[in-house]
Amino acid sequence: MKKSILAICGFALALSAQAQDNHWQQQADYQMNVTMNVKNFQYKGVQKVTYINNSPDTLTTVFFHLYFNAFQPNSEMDANLQTLPDPDGRMATNVGTPQRPIYESRIAKLNPDEIGYLRVKKLTQDGVPATISHESTILKVTLPTPILPHSRTVLGLDFEGQVPVMIRRAGRNSPDGVALSMAQWYPKMVAYDHKGWHTTEYLGREFYGVWGNFDVKITLDKTYLVGASGVLQNPNEIGFGYEDKGVKVPTTKATTKTWHFIAERVHDFTWAADPQYVHDKHQLADGKTIHFIYKKYKDTWKQIQEPMLKVFDYYNQLIGKYPWPQYSFIQGGDGGMEYAMCTLMVGNEKYERLVGTAAHELAHAWFQHLLATDEAAYPWMDEGFTSYIEYLAEHQILKTKKTANPFESAYKGYFGLVKSGFQEPTITHSDRFATNYAYSVTAYYKGLLFLTQLDYLMGNEALQKTLKHYYNEYAFKNPTPNDFIRIAEKVSGMQLQWFLNEFMETDHTADYAISKVEGKGNKTEVTLKRVGRLPLSIDLWVTDKAGNIRYVYVPLRMTYAEKPNTYPAYPRTVLPAWGWGNPTYTFTLDMPLEDIKSIALDPENKSVDTDKENNSFSK
């Protein structure tokens with residue numbers, strides 16, 4: 001145990017000197033006081049943001065996200081829903097037929113008291129008024145004093161908002177009956193990195209945030225229980241945690257309570273509240289706590305708790321230690337969505353669906369909230385990597401995926417997208433995909449398959465080491481695709497930039513075929529053909545009449561290395577590397593044709609070869 005830990009630490013130190021795309025990160029520390037009126041769902045807040053400019057640039061303008069403004073008729077989100085051929089079913093209603101769908105945006109039908117809005121009433125920089133301009137879901141701030149490199153400033157905001165009817169992720173009175181699901185609810189600093197400002201209009205897909213510390217006080221009706229990002233600072237004052245312990249809860253004549261949370265080193269803050277919430281808490285051996293906050297379907301929510309503690313431990317071992325003191329599963333009433341130190345999840349689900357959602361959202365804590373890539377630009381690095389470890393957990397820990405290959409559904413989904421003609425390059429910005437179908441399959445399935453294909457190219461042991469070293473090197477650093485592939489290259493000893501380009505930056509597909517098999521006396525000549533444009537190495541099984549299997553491996557020249565024996569149970573023959581520029585490859589087997597029963601390319605269907613019909617030869 002000690003030896004392996006030392007080896008990992010030594011490797012991390014060896015990698016620490018390598019170049020990083022995002023070699024500095026900004027910081028935004030928030031202090032917020034917000035008061036919620038639970039009768040009209042309007043709220044007011046005061047915010048102080050200490051913004052630390054760690055960049056080499058002088059900033060004369062800053063930006064804030066105002067996400068709730070998307071939930072208004074004629075917003076860009078509303079317009080986008082009306083132009084997409086397949087909008088999210090939670091956000092638009094089909095008033096046509098399944099054969100000829102006609103979608104109506106739910107946002108377009110919101111009344112003034114149902115819309116969402118977020119307005120900044122006043123903004124100052126170090127006490128001096130700044131010039132502000134509301135641009136839909138973005139606030140532009142022209143500063144009275146430029147922020148110099150490696151300096152800080154304090155931005156003071158007075159804001160007001162209205163919680164929209166639940167449309168997507170955030171809202172009031174969800175179909176589950178949850179009163180308040182407060183995601184993307186406050187003026188949030190726009191991310192600034194080596195690419196500049198990420199002023200992405202909110203269309204309903206992905207996010208990118210700024211690291212910071214949050215000190216948040218939420219005042220609302222005293223009958224409500226609140227679950228949130230961060231650690232509750234005043235449980236004794238509000239009586240939280242005493243519900244089932246027979247302890248007398250402090251009494252007060254006040255009609256409201258103030259909940260005080262602190263979340264450190266996160267890039268978002270989310271909360272939910274309901275007067276009928278119940279709360280279950282689990283203390284782990286390392287002192288961390290796991291919370292379940294929900295109001296209905298108690299049997300199912302009880303049922304998932306012990307399995308999710310096992311999944312939490314599994315992710316800790318698979319990727320690295322979860323760094324924050326707690327994590328909360330909160331019934332929020334809209335599918336499942338990951339947030340800092342918590343998730344909001346729908347409640348009305350059967351066990352298999354609910355525990356699968358919980359496993360997926362928890363996995364996001366490592367990728368979206370710990371590594372925190374720009375998921376608007378690279379959604380596959382979050383959704384795909386998250387799905388990869390979720391599927392492993394469902395297969396190995398939860399036992400809910402019963403197929404031999406835990407990733408079978410991802411392969412089927414990707415192949416279906418390729419055949420559909422809707423595929424777009426994975427590098428497409430998450431908001432710019434022409435269809436939700438292409439976006440979803442690309443982000444979730446193709447992103448997952450990026451890892452399975454690295455497994456196919458360099459072996460599973462190298463992939464698992466890559467994930468661990470990726471965590472060790474890039475936690476809290478907003479890594480990019482290039483940062484990840486450089487780790488994979490150093491772990492495997494292979495050259496892999498070509499794979500990042502071919503599979504994730506183009507829509508090229510793989511197709512290899514057994515073109516010809518000819519007897520040549522006591523030998524057999526086999527010719528393979530590359531039909532598709534995506535390069536891959538070759539795994540090939542030769543089975544003789546007696547049922548014995550020989551494993552033939554053809555390396556891909558552009559990797560300039562060989563992977564370890566993927567099938568150690570069988571004798572392996574390593575052939576000379578195949579260069580991509582040659583469309584065919586011929587080699588000779590030292591056995592007569594009449595002794596061969598079959599030859600199979602990629603016998604266990606591990607590669608993304610899109611045409612399996614030309615992968616086999618049988619006498």
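What follows is a walk through the packing, helices, pockets and backbone of this predicted model.

The nonpolar core is a good place to start. The largest one takes in 188 residues, and the members that touch the most others are Leu180, Trp185, Leu220, Phe269, Trp271, Trp366 and Phe450. Helix H6, running over residues 351-371, is the top contributor to this core, with 12 residues. A second core sits separate from it and has six residues, among them Leu417, Phe433, Ala438 and Tyr439. Back in the largest core, Leu220 gives a feel for the packing. Setting aside neighbours within four places in sequence, Leu220 is in contact with Met36, Val38, Leu180, Val226, Thr255, Thr256, Lys257, Trp259, Trp271 and Ala273. Of these partners, Leu180 and Trp271 also appear in the list of core members that touch the most others.

Next comes the annotated stretch. An unreviewed UniProt entry carries the annotation "domain: Peptidase M1 membrane alanine aminopeptidase" for residues 311-503. Over those residues the chain is 61% helix and 7% strand, with the end C-alpha atoms 30 Å apart.

Two helices were checked for length. For H7 (residues 379-396), 18 residues at 1.5 Å each should span 26 Å, and the end C-alpha atoms lie 25 Å apart, so the two agree. H7 is also mostly covered, as 16 of its 18 residues are buried. H5 (residues 305-318) tells a similar story: its 14 residues should span 20 Å at 1.5 Å a residue, and its end C-alpha atoms are 20 Å apart, in agreement. Because 10 of the 14 residues of H5 are buried, this helix is largely enclosed by the rest of the structure. The buried set is Gln305, Pro307, Met308, Leu309, Val311, Phe312, Tyr314, Tyr315, Asn316 and Leu318.

Between H6 and H7 runs a loop that holds Thr373. With a relative accessible area of 2%, under the 20% cut-off, Thr373 counts as buried. Leaving out residues up to four places away in sequence, Thr373 touches Tyr208, Phe367, Gln368, Tyr378, Met381, Asp382, Tyr470 and Pro479.

As for empty space, the largest pocket has a volume of about 1000 Å³. Its lining is made of 40 residues, and Arg90, Gly336, His360, Glu361 and Tyr444 lie nearest the centre. Helix H2 (76-83), strand E24 (336-339), H6, H7 and helix H9 (436-458) are the elements that each give two or more residues to this lining. H6 supplies the largest share, seven residues, and it is also the helix that gives the most to the largest nonpolar core. Closed spaces turn up too: a search of the whole structure finds five cavities of 30 Å³ or more. The largest cavity holds about 110 Å³ of space. It is lined by 15 residues, with His65, Thr200, Glu206, Phe207 and Tyr208 closest to its centre. Tyr208 is also one of the residues touched by Thr373.

Finally, two backbone oddities. Ser136 is not a glycine, yet its phi is positive, at about 60°. It sits in the loop between strand E8 (131-135) and strand E9 (138-147), and at 32% relative accessibility it counts as partly exposed. Gln184, another residue other than glycine, has a positive phi near 55°. Its loop lies between strand E12 (180-182) and strand E13 (188-189), and Gln184 is buried, at 4% relative accessibility.

Note on methods
Residues are numbered from 1 along each chain as its sequence is written. This is a predicted model: local features need pLDDT of at least 70, side-chain atom pairs count only at pLDDT 80 or more; totals for chains, interfaces and linings use all residues. Side-chain values use heavy atoms; hydrogens and water are left out. A nonpolar core is a set of buried Ala, Val, Leu, Ile, Met, Phe, Trp, Tyr and Cys residues joined through side-chain atoms within 4.5 Å. Buried means under 20% relative accessible area, exposed over 50%, partly exposed in between (1.4 Å probe, protein chains only). Helices (H or I, at least four residues) and strands (E, at least two) are DSSP runs, numbered from the N terminus. Contact means heavy atoms within 4.5 Å. UniProt positions are given in the numbering used here, feature names are shortened, and annotations may be inferred rather than shown by experiment. The expected span of a helix is 1.5 Å times one less than its number of residues. On a 1 Å grid over the protein atoms alone, a cavity is a set of points where a 1.4 Å probe fits but cannot get out, and a pocket is an open set with protein on both sides within 12 Å along at least five of seven lines; lining residues have an atom within 4 Å of a point. Grid points are joined across faces, edges and corners, and a volume is the space filled by probe spheres set on the points.
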